[in-house]
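Student: I would like a close look at a single part of this model, with its surroundings brought in wherever they help.

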Amino acid sequence: MIDENNLSGGSGSGYTFSINGGAIFPIDSCIRVYANDLPYLVRVFDSEGCYTEKEVLVTQPDEIIVDLGDEVVVDLGEAEVIHLNTNAIVDTIVWDLDLTATSFEFLNSSKSEIEIEPVLNNTIYANVIDINGCEGSGEVNVIVNSLRNVTVPNIFSPNGDGLNDIFKVKTGKGVTKMNYMKIFDRWGELMHEEDNVYPAGGFCGSWDGTYKGSKLNPGVFVYMISISFNDNRTIVYRGSVTIVK
């Protein structure tokens, strides 16, 4: 903007001005101009048509840089902090996230840091508005490592020695629930069943190697275990486990 004020001298008080020899404006006008490598010629006239002039150079402000860091790779169920860095004097920060792909929370009042817990690959955007109303934006890609944090043992020894006495499924972050666990003998008879079990202490499910209260002999048993994850995927794990004494 070009705005002329604090004028004195000349004849009368009816000052006007022009830019680059163009239209004449009342001195209290505010005229929009754009950054240019060449200066604008501003002439100020008094009521008799006399004038003075000066050149005004309007430069382009520095580009607003918004840096959200390098690509983020995170395991399913893990959280990550995104830091926003900028060269601007910030007035407002606006984040744009796909809430079907990630949850988030602000970590400070300026909203320059957020903690995300993604379940799907996505891109996070941020727009910065400075104190002059100028804007800049940045983005960061988020990649979710979809390896499943589930480990099912293939052997256990329910002999009461306190070591490996219980068959249980080890689960990590990203696991929301064991829908069911079914264990069969080699003839297909159901030996053990439980359902709707939530992770506790890093494990789900528990079988002590008994059937109707009686200890089973050493042998191979088949399991079917349905696990749900926080990305809305459900996987059925099938395999065998051996009882040893």
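Which residue lies over the face of Phe229, and at what distance from the ring centre?

Tutor: Arg148 is the residue that lies over the face of Phe229, at 4.6 Å from the ring centre; please keep in mind throughout that this is a predicted model. The ring also leads into the strands, since Phe229 is the bridge partner, in β24, of Val175. Strand β24 covers residues 219-229 and pairs with β19 in the antiparallel sense over eight bridges. Strand β19, which runs over residues 175-184, is largely enclosed by the rest of the structure, because seven of its ten residues are buried.

β19 also has a pairing with strand β20 (residues 190-197), again in the antiparallel sense, here over six bridges. Within that pairing, Lys182 stands opposite Glu193 in β20. The hairpin of β19 and β20 has five residues between the strands, and Gly188 takes a positive phi near 90° there. As background for reading such pairings, the side chains in a regular strand alternate between the two faces of the sheet.

Returning to β24, we can follow its aromatic residues. Tyr223 in strand β24 is paired with Phe167 in strand β18 (residues 167-171), and the two are 56 residues apart, so that the pair links distant parts of the chain. A pair of aromatic rings is described by the distance of the centres and the angle of the planes. For Phe167 and Tyr223 the centres are 6.0 Å apart and the planes stand at 40°, so the pair is tilted. Both angle limits matter here, because planes under 30 degrees apart would count as stacked and those over 60 as edge-to-face. Phe167 counts as buried at 0% relative accessibility, and Tyr223 counts as buried at 8%, since the cut-off for that label is under 20% relative accessible area. These two residues belong to one aromatic cluster together with Phe156, Trp207 and Phe221. A second charge placed over a ring is found at Lys168, which lies over the face of Phe203 at 4.6 Å from the ring centre.

For a further aromatic pair, among the eight that the structure holds, one can turn to Phe17 and Phe25, whose rings are tilted, at 5.8 Å centre to centre and with 40° between the planes. Phe17 is buried, with a relative accessible area of 0%, whereas Phe25 is partly exposed, with a relative accessible area of 26%. The strands in this region are β2 (residues 16-19) and β3 (residues 24-26), which run antiparallel and are joined by three bridges. Ser18 stands opposite Ile24 in β3, and in the hairpin of β2 and β3, with four residues between the strands, Asn20 takes a positive phi near 55°. Four bridges also join β2 to strand β5 (residues 40-45) in an antiparallel arrangement, where Thr16 stands opposite Phe45.

One more sheet completes this view: three strands form an open sheet with antiparallel pairing, in the order β9-β13-β12. Its edge strands, β9 (80-83) and β12 (102-106), each pair on one side only, and neighbouring strands of this sheet are turned by 30° against each other on average, direction ignored. Five bridges join β12 to β13 (residues 113-118), and Phe104 stands opposite Ile116 in β13.

Conventions. Residues are numbered from 1 along each chain as its sequence is written. This is a predicted model: local features need pLDDT of at least 70, side-chain atom pairs count only at pLDDT 80 or more; totals for chains, interfaces and linings use all residues. Side-chain values use heavy atoms; hydrogens and water are left out. Two strands pair if DSSP finds at least two bridges between them. Axes are lines fitted to C-alpha atoms, for helices over the stretch in contact, and angles run from 0 to 180 degrees between N-to-C directions. Buried means under 20% relative accessible area, exposed over 50%, partly exposed in between (1.4 Å probe, protein chains only). Rings of Phe, Tyr and Trp (its six-membered ring) pair if their centres lie within 6.5 Å; planes under 30 degrees apart count as stacked, over 60 as edge-to-face and the rest as tilted. A charge sits over a ring if NZ of Lys or CZ of Arg is within 6 Å of the ring centre and within 35 degrees of the ring normal.
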